[in-house]
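Trainee: Hi! Could we go through this model together for a bit?
Mentor: Sure, let's bring it up.

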Amino acid sequence: MTLETMSPNPVWTADAYEDTVETLRAYDDVVYKVWAGDWCKDCRKQLPDFAAALDAAGVTGDRIEQFPVERGDGEKVGPGVEEYGIEFIPTVVVERQGAELFRYVEDADVPPSVFVAQRLEGASPTSGSED
């Protein structure tokens, strides 16, 4: 299932986030797992810009896994919620070869794309780099 909140914001400006886009582009070996709900105010606010940044960086759909979350008896329910310990949405888990590198959770101080790029910057890209 595709989350409506992961539709790229058409007015987001890549030029304003040039460094972020370049960093996201450099890491073509990571997978983004996104837990969200189209009903969620925070998801509707944060994820369209994140999706636009991924799109601007050329991140293909096969590297973005979307997990719709519903509310059930005050708890978040949906695919992978228990396995990944998802308590708040949006949550973006960034993985390389099935291992979690880090995660963005709804209350971070910066937008998801900036948060992810900042965390990726410290590591060397595994593809496209010269040894």
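Mentor: What follows is a short chat about the backbone, a hairpin, the cysteines and one helix residue, and the model is a predicted one.

Trainee: Thanks! Let's start with the backbone. Which residues does a cis peptide bond join?
Mentor: I89 and P90, with omega at about 0°. In general, most peptide bonds are trans.

Trainee: And where does P90 sit?
Mentor: P90 is in the loop between α3, residues 81-84, and β5, residues 91-96.

Trainee: OK, on to β5 and β6. Do they run parallel or antiparallel, and how many bridges join them?
Mentor: They run antiparallel, and 6 bridges join β5 to β6.

Trainee: Which residue stands opposite V92?
Mentor: That is Y104, in β6.

Trainee: What do the two strands form, and how many residues are between them?
Mentor: β5 and β6 form a hairpin with 2 residues between them. Have a look at Q97 in the turn: its phi is positive, about 50°, although Q97 is not a glycine. As a general rule, most residues other than glycine have a negative phi.

Trainee: Good catch. Is Q97 buried or exposed?
Mentor: Exposed, because its relative accessible area is 81%, and the cut-off for exposed is over 50%. Q97 belongs to the loop between β5 and β6, the latter spanning residues 99-105.

Trainee: Changing topic: how many disulfides does the count come to?
Mentor: The count comes to 0 disulfides. C40 is in none, and the nearest cysteine sulfur to it, that of C43, is 3.2 Å away.

Trainee: Why is C43 not bonded to C40?
Mentor: Because the sulfur of C43 is 3.2 Å from the one in C40, its closest cysteine sulfur, and that is too far for a bond. The cut-off for a disulfide is sulfur atoms within 2.5 Å.

Trainee: Are those two cysteines buried or exposed?
Mentor: C40 counts as buried at 7% relative accessibility. C43 is buried too, with a relative accessible area of 0%.

Trainee: Last one, T20. Where is it placed?
Mentor: T20 is in helix α1, which covers residues 18-26.

Trainee: Buried or exposed?
Mentor: T20 is buried, because its relative accessible area is 10%, and buried means under 20%.

Trainee: So which residues is T20 in contact with, leaving aside neighbours within four places in sequence?
Mentor: Those are S113, V114 and A117.

Trainee: Great, thanks for the tour!

Conventions
Residues are numbered from 1 along each chain as its sequence is written. This is a predicted model: local features need pLDDT of at least 70, side-chain atom pairs count only at pLDDT 80 or more; totals for chains, interfaces and linings use all residues. Side-chain values use heavy atoms; hydrogens and water are left out. Helices (H or I, at least four residues) and strands (E, at least two) are DSSP runs, numbered from the N terminus. Buried means under 20% relative accessible area, exposed over 50%, partly exposed in between (1.4 Å probe, protein chains only). Contact means heavy atoms within 4.5 Å. Two strands pair if DSSP finds at least two bridges between them.
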